[in-house]
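Biologist: I'm new to this one. Could you pull it up and walk me through it?

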Amino acid sequence: SSIFDRVKEAPPDPILSISAAYRADPSPKKVNLGVGAYRTDDGSPYVLPIVKHFEQQFANDPSTTHEYLPQDGFTNFNYHSARLILGHDSSALKEERVVTVQALSGTGALRIGFAFIANFIGNRLVYIPNPTWSNHRNVVPQAGLPPTKNYRYFEPNTRAVDIEGLLQDLSIAIEGSIVIFHGCAHNPTGADPSKADWQRILKVVKSKKLVPFFDNAYQGFASGNLDTDAWSTRLFVESGIDMFVAQSYAKNMGMYGERVGALNVILSSSGPVTAVKSQLKQLIRAMYSNPPLHGARIAAAIMSDKESFRQWEMELEKMSARIQTMRLRLRDALNKNGAPGNWDHIVNQIGMFSFTGLTSQQVAFMRDKYHIYMTSNGRVSMAGLTESTVDYVADAIKDAVE
Ligand code: PLP
C-alpha cells in the first residue's frame with residue numbers, strides 16, 4: 001500500500017479542460033471558443049509590440065539581472081499598478097491608505113487576498129455572483145475560508161443583471177461578509193451593472209458593512225479605455241471603506257503566462273498600513289517567497305513612460321475593437337441565416353465573452369458535430385472568432401438551436 005492510494009482523482013477544470021479537448025481533436029474544421037485569451041484575426045496568439053519592445057531592450061541591456069525581488073514585488077510596478085486602477089488623484093493613495101503587493105496575476109492576487117482574510121480578518125463568508133468565473137469557488141476555500149455563497153446576478157430571460165435580486169441577496173447577507181465583484185466585463189455573462197446600479201450596490205455594502213473584493217481581470221480590455229473600466233472600483237474606493245482590489249495584466253498586456261498582477265488592500269484609515277503590509281509579505285514569503293520579475297519589469301516600463309503608455313492604450317483600443325467587430329459579425333450572421341431567437345445580447349454584452357444562452361446539450365452537439373469548443377454554460381470567447389470562422393460558427397449555432 002502507498003500513502004497515495006487514497007487520493008481521489010480531481011474533476012477536470014471546466015475551463016482548462018476545453019483547450020485540452022480542442023488540442024486532441026484532429027479535425028481541420030475545429031474552432032476553440034473556450035480559451036480566455038486574445039487571438040488575432042488569423043487565430044494566432046498576440047504579443048503586444050510594446051511588450052516585445054521592452055523584452056528586447058531588457059534582453060540586450062548588459063545591466064539586466066535576474067536577482068530576487070522583495071516579497072511584495074517590484075516597487076515601481078506596484079506604484080504604477082495602484083495608480084492605474086485607483087486613478088492618479090485617488091484620495092486613498094494621497095492619504096497613504098493603500099498597500100499594494102505584486103501577485104501571480106489575478107488568480108494569485110485573489111489567493112493571497114483571501115489567505116490574508118482567513119488569517120487576519122476571520123472566518124468570514126464570501127459571496128460570489130451566480131454565475132461567476134468558476135475558479136472563485138476553488139480559491140476561497142483553498143485559502144482557508146468556508147465554501148462560497150451565491151448572490152443573484154443574472155436574469156436569463158432578460159439576459160441582463162438581476163439588480164433587484166442582487167440587492168436583495170446582499171441586503172440579507174451576514175454583516176461583515178466579503179463580496180466578490182467583477183470590476184468590469186463580468187465573466188461569463190458579459191453583463192455589467194450600470195453606474196446607477198453600482199451606486200445602489202455601494203449603499204447596501206456600506207449599510208451591511210460588507211467588504212468588497214473587486215476582481216479586475218479586464219481593465220482596458222473591456223471598453224478599450226482604462227479609466228472607464230476602473231469606474232466601479234474607484235466609486236467604491238472613494239467611499240472610504242475597507243476593501244480589496246485584485247489586478248491582472250494577463251489580458252490587457254497579453255502577458256498570460258508571465259503571471260503579472262497585483263493585490264491592493266485599501267484601508268479606511270492609514271493606521272494599520274505598516275502592519276498589513278508586513279503580514280502580506282510574511283504570507284508571500286511562506287507561499288512562494290517572492291514573485292517573478294520578467295513581466296513586472298515590462299509592465300512597469302510601459303506604465304512609467306508616457307509614450308509607451310499611449311502605445312499600450314492604442315493596443316487596447318485595437319483589441320477591444322476587434323472583439324466588438326466579432327460581436328457584430330456573429331449577431332449579423334445569426335440574423336442572416338435565420339437562427340431562431342433574438343441575438344442582440346451578443347452585441348450588448350461586454351468583454352472577452354458572450355453568454356450565448358446555448359444549453360449544455362447544444363454545446364455538446366456543436367462539439368460533436370462541428371468540432372466547436374466552448375464551456376458547457378454556453379460561454380463563447382469572442383476573441384476566438386475570426387472573419388473566416390464566424391459564418392461556420394453561426395451556422396452551427398443555428399443547427400444546434402433548431
Ligand atoms: N478573474 C476573472 C473574472 C477572470 O476571468 C480571470 C481570467 O480568466 C482571472 C480572474 C484571473 O486570470 P489570471 O490569473 O490569468 O490573471
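Modeller: Sure, let's start at the ligand. Helix α5, residues 105-121, gives the most to the shell around the ligand, with three residues. Helices here are DSSP runs of H or I with at least four residues, strands are E runs of at least two, and both are numbered from the N terminus.

Biologist: Is this an experimental structure, and how are residues counted?

Modeller: This is a predicted model, in which local features need pLDDT of at least 70 and side-chain atom pairs count only at pLDDT 80 or more, while totals for chains, interfaces and linings use all residues. Residues are numbered from 1 along each chain as its sequence is written.

Biologist: Back to the ligand, then. How many residues surround the ligand, and which are the closest?

Modeller: There are 13 around the ligand, and the closest are Ser105, Gly106, Thr107, Ala217 and Ser248. A residue counts as near if its C-beta atom, placed from the backbone, lies within 6 Å of the molecule.

Biologist: What's the shell like by class?

Modeller: Eight polar, four nonpolar and one charged. Nonpolar means Ala, Val, Leu, Ile, Met, Phe, Trp, Tyr, Cys and Pro; charged means Asp, Glu, Lys and Arg; the others, Gly among them, are polar.

Biologist: What does UniProt place at residues 29-397?

Modeller: An unreviewed UniProt entry gives "domain: Aminotransferase class I/classII large" for that stretch. UniProt positions follow the numbering used here, feature names are shortened, and annotations may be inferred rather than shown by experiment. In the model, residues 29-397 are 45% helix and 15% strand, with the end C-alpha atoms 15 Å apart.

Biologist: Which residues does the "coiled-coil region" annotation cover?

Modeller: The unreviewed UniProt entry puts that at residues 309-336. In the model that span is 100% helix and 0% strand, and its end C-alpha atoms are 40 Å apart.

Biologist: How do the axes of α12 and α13 cross?

Modeller: The axes of α12 (residues 294-304) and α13 (residues 306-337) come within 5 Å and cross at roughly 100°. That makes α12 roughly perpendicular to α13. On the cut-offs, under 35 degrees is roughly parallel, over 145 roughly antiparallel, 65 to 115 roughly perpendicular, and the rest oblique. Axes are lines fitted to C-alpha atoms, for helices over the stretch in contact, and angles run from 0 to 180 degrees between N-to-C directions.

Biologist: Which residues meet there?

Modeller: Ala301, Ile302 and Met303 in α12 meet Ser308, Phe309 and Trp312 in α13. Contact means C-beta atoms, placed from the backbone, within 7 Å. That contact has five nonpolar residues, one polar and no charged.

Biologist: And what about α2 and α12?

Modeller: The axes of α2 (residues 49-60) and α12 come within 10 Å, crossing at roughly 115°. From α2 the contact uses Ile50, Val51, Phe54, Glu55 and Phe58, and from α12 Arg297, Ile298, Ala301 and Ile302. Seven of these residues are nonpolar, none polar and two charged.

Biologist: Switching topic: where are the cis peptide bonds?

Modeller: One runs from Asn130 to Pro131, with omega near 5°, and Pro131 sits in the loop between β3 (126-130) and α6 (136-142). Another joins Asn187 and Pro188, with omega about 15°. Pro188 is in the loop between β7 (178-182) and α8 (195-207).

Biologist: What about the phi of Arg159?

Modeller: Arg159 has a positive phi of about 55°, although it is not a glycine. Arg159 lies in the loop between β5 (154-155) and β6 (160-161). For background, most residues other than glycine have a negative phi, and most peptide bonds are trans.

Methods: Two residues are in contact if their C-beta atoms, placed from the backbone, lie within 7 Å.
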